[in-house]
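I opened this notebook to record what I looked up in one protein model. The entries follow the order in which I worked.

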Amino acid sequence: MPVWDPTRYLQFADDRARPFLDLIAQIPTRPATIVDLGCGPGHLTKHVRARWPDAEILGIDSSAEMINTAISENTDHLANYDVADISVWTPTRPTDLFISNAAFQWVPDQFEVIAGLLDHLADGGTFAIQVPNNSESATHRTLDELARAEPYREHLADARRLPAVSPHDYLDFFAGRGLHVNAWETTYLHVLHGPDPVFDWISGTGARPFLQALDDDLRVRFTDDLRARLREEFPAREFGTVLPFRRTFAVATRS
């Protein structure tokens, strides 16, 4: 898993919050205990607290940098935070709501991990998840084509490519375990600003494994090449640069 930069990730905080708000709006239960799996820098906790003001909230993330940011910004004591790898973390008691926003795409064998977490889902509880579904997008195609070109190919052969997970995948998985499932897909048209906004966006998420796999000199060259390709692929318009971004959602409730 890549090393995360909270400042870079929060550069587009408002745009990244939209899917989370859409996700929690569909949760039908009133949980007393909530675990945010892959909570990042904690910038979304305020929305969880506003929706369920009396709940006990725990945010976990494998990045110490992200958790340190979450803790330092937690001046209103909205939640507790802890560093933990969600692929191996286990709750100590039944949980009413597991929620995860743009984290499980980084987890190998994510369905096996989710199945283990469902063993700790309380009766009547909900598992709510959102992941990017952009493996066929222009951003991923551009990144992958450059990574396969010289002189980068030998250095990036093992860089993590994010999988495609559709609403049907989550529907089949959760429904097959007896949960009631609301699964859907949304494509957001983010209007970004600045000289290289699409690069700035993906450098905080999907491009990080590629950038971190290169030494300093090659990283500078790769960055310059990637910026140029993305500018061509996503031309600036008079009102900004449009980045289409498709996401998969599922809200699964145990009856």
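The entries below begin with the sheet and end with a few unusual backbone values.

**Entry 1. The model**

I noted at the outset that this is a predicted model.

**Entry 2. The sheet as a whole**

I looked up how the strands are arranged. Seven strands form an open sheet, and their order is β3-β2-β1-β4-β5-β7-β6. The pairing in this sheet is mixed. I then asked which strands are the edge strands. They are β3 (80-83) and β6 (180-192), each of which pairs on one side only. I also looked up the angle between neighbours: on average, neighbouring strands of this sheet are turned by 15 degrees against each other, direction ignored.

**Entry 3. The parallel pairs**

I took β1 (33-37) and its partner β2 (residues 56-61) next. These two strands pair in the parallel sense over five bridges. For a single example I chose I34, whose bridge partner in β2 is I57.

I then turned to β4 (residues 95-101), which pairs with β5 in the parallel sense over six bridges. Between these two strands the chain passes through helix α5 (residues 110-118), and this β-α-β crossover is right-handed. Within the pair, F98 has F127 of β5 as its bridge partner. I also checked where α5 lies: the helix lies across β1, β4 and β5, and α5 runs at about 155 degrees to β5.

**Entry 4. The antiparallel pairs**

I followed β5 to its other partner. Strand β7 (residues 241-253) pairs with β5 in the antiparallel sense over seven bridges. F127 came up again here, since F127 stands opposite A252 in β7. T126 has T253 as its bridge partner in β7. F127 therefore appears in my notes with two partners, F98 and A252.I next looked up β6 and β7, which run antiparallel and are joined by 13 bridges. One of the positions I read off was V191, which stands opposite V242 in β7.

**Entry 5. How covered the strands are**

I asked how many residues of β5 are buried. Ten of the twelve residues in β5 (residues 121-132) are buried, and the strand is mostly covered. For β7, ten of the 13 residues are buried, so this strand is largely enclosed by the rest of the structure.

**Entry 6. The surroundings of T29**

I located T29 in the loop between α2 (13-24) and β1 (33-37). Is T29 buried or exposed? Its relative accessibility is 15%, and the cut-off for buried is under 20%, so T29 counts as buried.

I then listed what T29 touches. Leaving out residues up to four places away in sequence, T29 touches W52, G124, T126 and T253. With T126 there is also a polar contact, in which the two side chains meet at 3.2 Å. Two residues of this list, T126 and T253, were already in my notes as bridge partners.

**Entry 7. The buried side of α4**

I looked up which residues of helix α4 (residues 64-72) are buried, and found M66, I67 and A70. Why do they lie on the same side of α4? They cover an arc of only 95 degrees around the axis, which puts them on the same side of the helix. I added a general reminder: an α-helix has 3.6 residues a turn, so residues three or four places apart point the same way.

**Entry 8. S203 in α9**

I found S203 in helix α9 (residues 197-203). S203 has a relative accessible area of 4% and is buried. I then looked for a polar atom close to its side chain. The backbone oxygen of D200 lies 3.0 Å from a polar atom of the S203 side chain.

**Entry 9. Backbone values that stand out**

Before this entry I wrote down the usual case: most residues other than glycine have a negative phi, and most peptide bonds are trans.

I first looked up a peptide bond. The bond from E150 to P151 is cis, with omega near 5 degrees. P151 has its place in the loop between α6 (138-147) and α7 (153-156).

I then looked up two phi values. H77 is not a glycine, yet its phi is positive, near 55 degrees. H77 sits in the loop between α4 and β3. Is H77 buried or exposed? With a relative accessible area of 69%, H77 is exposed. A102, also not a glycine, has a positive phi of about 55 degrees, and A102 is found in the loop between β4 and α5.

Methods. Residues are numbered from 1 along each chain as its sequence is written. This is a predicted model: local features need pLDDT of at least 70, side-chain atom pairs count only at pLDDT 80 or more; totals for chains, interfaces and linings use all residues. Side-chain values use heavy atoms; hydrogens and water are left out. Helices (H or I, at least four residues) and strands (E, at least two) are DSSP runs, numbered from the N terminus. Buried means under 20% relative accessible area, exposed over 50%, partly exposed in between (1.4 Å probe, protein chains only). A polar contact is a pair of N or O atoms within 3.5 Å; within protein, one must be able to donate a hydrogen and the other to accept it, and residues adjacent in sequence count only if both atoms are side-chain atoms. Contact means heavy atoms within 4.5 Å. Two strands pair if DSSP finds at least two bridges between them. A crossover is right-handed if, with the strands pointing away from the viewer, the path from the first strand over the helix to the second runs clockwise. The arc is that of the directions from the helix axis to the C-beta atoms. Axes are lines fitted to C-alpha atoms, for helices over the stretch in contact, and angles run from 0 to 180 degrees between N-to-C directions.
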